[in-house]
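Grab a pencil and keep the viewer open while you work. Try each exercise by yourself, then read the solution under it.

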Amino acid sequence: MAVLACAGLPNAWAQSLTVGSHNVAVADPTVPRPPTTPCVVPLYANQSFDNPSGPTPINYTPPAGCPGPWAKVVLTIDMSMVGTNQFDRTGSIWLGGAILYFGTTQEPSIAPPGATTWHIEKDVTDYGAVFKSAQAGHSDFVNYVEGPYDGKLSGSASLYFYPLPRGQSQNTLQPRPDVVLSMNPDPSNGTYALNTTADQYTATYTSLPRNIERAYLDVYTQSQSNDEIWYSCNPNDQGDLSFFGCNNTAFREAEISIDGQPAGVAPVYPWIYTGGTGNPWLWEPTPGVQTLSFVPYRVDLTPFAGLLDDGKAHSVSMSVFNANQYFSVAGNLLLYLDHGSKQVTGSVTANTLAAAPTPKVVENLTTDSSGNVTGGNITVTSKRSFTIAGVVTTSHGTVKTEVAQTVDFSNSQDYTLPTNSEGENIVQTSTVDSKTTRTDGNRNVVVLQQHLSYPLKLDLGFFQQTDGSFQQYSHVKEQGFRQSVSVQAGFALPASARLDNTFDGNNTILYDASENFTGVTDTYSHQAYLYQDSFGECYDRRISSKNNALTGWVDGRHCWLGLNNLSWLDRFSQYASGLYGATVQLLP
């Protein structure tokens with residue numbers, strides 16, 4: 001039964017849902033919008049992505065009616081899949097070489113014929129530097145319609161530019177990057193494939209500004225092909241023991257370097273696509289966490305700002321440890337400049353980050369007389385702590401930045417299953433605990449602390465009945481994205497926020513003894529999305545489905561008075577970013 005919260009402002013940012021619908025349903029909020037009239041710039045409209053000869057070109061012109069500065073810039077994408085059968089597809093949107101969107105598509109509904117549609121929103125205000133001038137770009141969705149795969153993909157995308165509300169000064173806006181640079185050397189290209197640990201995606205910048213005060217890298221690492229289900233992969237000595245027959249263990253991690261020097265680590269999120277785990281019924285109507293719109297991981301490169309300011313060419317590189325064909329990667333370099341100086345100097349003062357992790361693999365398996373695995377488990381773990389520090393001399397004094405992180409990963413694959421079964425039960429944890437301390441020349445100290453967690457628990461396999469028929473089961477016990485952030489600066493009031501986005505679901509595919517598909521059973525899913533901050537803002541929605549149709553939702557369970565309460569101002573981000581001097585944001 002659906003429990004609906006009051007209409008109006010408290011749920012203004014919740015997506016519209018319909019009980020009984022097989023169409024895409026997610027608990028994620030839309031982007032809170034300012035109360036001003038936006039200028040809308042279409043990037044493309046009703047564009048077909050079927051059997052394309054190349055990317056869809058985009059020719060962008062800044063909105064004359066909204067010259068900036070902007071209170072917020074929002075990217076909206078509306079997609080449609082019409083047909084009965086199609087793979088999930090990967091798509092991206094680029095402008096001026098920078099990647100604005102990266103995600104995958106929903107597969108067609110198994111319900112009665114009709115379009116499967118979904119809506120995506122993304123706050124792209126941090127990329128505002130790209131939007132100030134005319135830019136060429138492209139949309140890179142590719143959908144092949146052939147044979148039994150009749151699903152046709154189309155979509156529209158627009159940018160919404162929101163002016164400041166009347167009476168609001170631009171001086172009250174939170175700090176945003178002054179420069180946004182793509183890692184892509186050719187603006188007409190898309191993502192880059194990394195097939196092995198040794199492969200690197202490198203951007204060389206020959207004319208960086210010389211007054212960089214802060215630097216960040218937004219990192220996307222999407223698993224593809226043999227690496228798609230990387231969290232189920234096994235050590236090379238176990239052949240195709242894995243449910244999906246992949247190797248290099250179940251550990252992956254992105255490594256970031258500057259001029260060959262280790263500069264940061266980006267954990268790989270276990271995104272699951274709508275054909276993922278070999279069971280498309282599991283993901284209708286609700287896809288997995290971030291499946292339709294990936295969230296990049298932001299690496300703090302500020303300790304290297306002084307190095308980047310020296311007027312020389314510098315390279316930023318990305319690799320994926322244990323890549324096994326392949327990861328599709330992309331990145332944007334974000335630079336904050338010292339507006340009071342044309343030349344900033346500085347250096348890296350400490351760096352304890354090793355060039356590569358040293359994962360530990362333990363195989364504790366039992367076998368029969370023929371050498372077949374009958375039980376036991378394989379675990380792979382990796383944990384490392386490091387500190388990187390740097391100093392810059394700016395127009396407002398000498399500033400020291402220290403980034404201290406602990407990156408912890410564990411994956412356990414259990415092969416102890418009931419008789420007549422084969423498969424694996426996976427339990428994976430991936431966390432990052434970071435503390436960034438900035439100290440200026442007056443000994444003012446700002447501390448940003450963040451905890452990230454990517455839990456994953458799933459059971460995958462086959463079970464054979466005594467009559468020869470069998471079942472393919474996929475039980476996602478938990479797929480989660482958890483983030484908590486706090487900012488403390490001197491005697492100012494501290495600020496904190498947390499976000500918790502989780503999915504769980506189940507589906508079993510039935511086959512007869514001749515391996516003919518006969519149906520599905522025990523199909524259900526839930527998604528819960530919770531945001532809370534120290535300013536009292538809260539968004540809480542839990543949705544449920546059964547037999548591939550939405551059965552209901554509950555709003556505001558963990559919010560005051562049971563009501564969702566989000567402000568377009570995103571008061572936490574506004575305040576925390578002001579204290580910290582750079583974007584601190586959890587909402588999409």
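**Exercise 1: the cavity**

What volume does the largest cavity have? Find out which residues line the largest cavity, and sort the lining by class.

*Solution.* Before we start, keep in mind that this is a predicted model.

Step 1. The volume of the largest cavity comes to about 40 Å³. The structure holds one cavity of 30 Å³ or more.

Step 2. Now for the walls: the largest cavity is lined by Trp230, Phe251, Arg252, Glu253, Pro267, Val268, Val407, Asp408, Phe409 and Ser430.

Step 3. Sorted by class, that lining has six nonpolar, one polar and three charged residues.

Step 4. Which strand gives the most to this lining? That's strand 21 (residues 397–414), with three residues.

**Exercise 2: the pocket**

Describe the second largest pocket: its volume, its lining and the elements behind that lining.

*Solution.* Step 1. The second largest pocket has a volume of about 880 Å³. It is lined by 38 residues, and the closest to its centre are Leu173, Gln174, Pro175, Arg176 and Pro177.

Step 2. Two or more lining residues come from each of these elements: strand 3 (70–82), helix 1 (128–131), strand 12 (212–223), strand 17 and helix 3 (571–580). Strand 3 gives the most, with three residues.

Step 3. By class, the lining of the second largest pocket splits into 16 nonpolar, 13 polar and nine charged residues.

**Exercise 3: the nonpolar core**

How many residues does the largest nonpolar core have, and which have the most contacts inside it?

*Solution.* Step 1. The largest nonpolar core has 141 residues, and Phe131, Leu159 and Phe161 have the most contacts inside it. Strand 17 (residues 327–337) gives the most to this core, with eight residues.

Step 2. Zoom in on Phe161. Leaving aside neighbours within four places in sequence, Phe161 is in contact with a list of residues that includes Tyr60, Trp70, Val73 and Phe131.

**Exercise 4: two neighbours in one strand**

Lys435 and Thr436 both need a label: buried, partly exposed or exposed? Work out the labels, then look at how their strand pairs up.

*Solution.* Step 1. Place them: Lys435 is in strand 22, and so is Thr436.

Step 2. Thr436 has a relative accessible area of 5%, so it is buried. Lys435 has a relative accessibility of 40%, so it counts as partly exposed. Here's a handy rule: in a regular strand the side chains alternate between the two faces of the sheet.

Step 3. Look at the pairing. Strand 22 (residues 421–439) and strand 23 (residues 445–453) run antiparallel and are joined by nine bridges. Opposite Lys435, in strand 23, stands Gln449. The C-alpha atoms of Lys435 and Leu448 are separated by 5.7 Å, with the two residues 13 apart along the chain.

Step 4. Check contacts, leaving aside neighbours within four places in sequence. Those of Lys435 include Glu402, Ala404 and Gln449. Those of Thr436 include Asp300, Thr401 and Tyr580.

Step 5. Follow the chain round the turn. The hairpin of strand 22 and strand 23 has five residues between the strands, and there Arg443 takes a positive phi near 65°.

Step 6. Keep going across the sheet. Strand 23 is joined to strand 25 (residues 470–489) by eight bridges, and these two run antiparallel. Val447 has Gln488 in strand 25 as its bridge partner.

**Exercise 5: odd backbone spots**

Which residues are joined by cis peptide bonds? Then check the phi values of Asn547 and Asn548.

*Solution.* Step 1. Gly68 and Pro69 are joined by a cis peptide bond, with omega about 0°. Pro69 sits in the loop between strand 2 (56–60) and strand 3.

Step 2. From Gln325 to Tyr326 the peptide bond is also cis, with omega near 5°. Tyr326 is in the loop between strand 16 (314–321) and strand 17.

Step 3. Asn547 isn't a glycine, yet its phi is positive, near 55°. Asn548 isn't a glycine either, and its phi is positive at about 65°. You'll find Asn547 in the loop between strand 28 (538–546) and strand 29 (549–555), and Asn548 lies in that loop too.

Step 4. Is Asn548 buried or exposed? Its relative accessibility is 4%, so Asn548 counts as buried.

Terms used: Residues are numbered from 1 along each chain as its sequence is written. This is a predicted model: local features need pLDDT of at least 70, side-chain atom pairs count only at pLDDT 80 or more; totals for chains, interfaces and linings use all residues. Side-chain values use heavy atoms; hydrogens and water are left out. On a 1 Å grid over the protein atoms alone, a cavity is a set of points where a 1.4 Å probe fits but cannot get out, and a pocket is an open set with protein on both sides within 12 Å along at least five of seven lines; lining residues have an atom within 4 Å of a point. Grid points are joined across faces, edges and corners, and a volume is the space filled by probe spheres set on the points. Helices (H or I, at least four residues) and strands (E, at least two) are DSSP runs, numbered from the N terminus. Ala, Val, Leu, Ile, Met, Phe, Trp, Tyr, Cys and Pro count as nonpolar, Asp, Glu, Lys and Arg as charged, and the others, Gly among them, as polar. A nonpolar core is a set of buried Ala, Val, Leu, Ile, Met, Phe, Trp, Tyr and Cys residues joined through side-chain atoms within 4.5 Å. Buried means under 20% relative accessible area, exposed over 50%, partly exposed in between (1.4 Å probe, protein chains only). Contact means heavy atoms within 4.5 Å. Two strands pair if DSSP finds at least two bridges between them.
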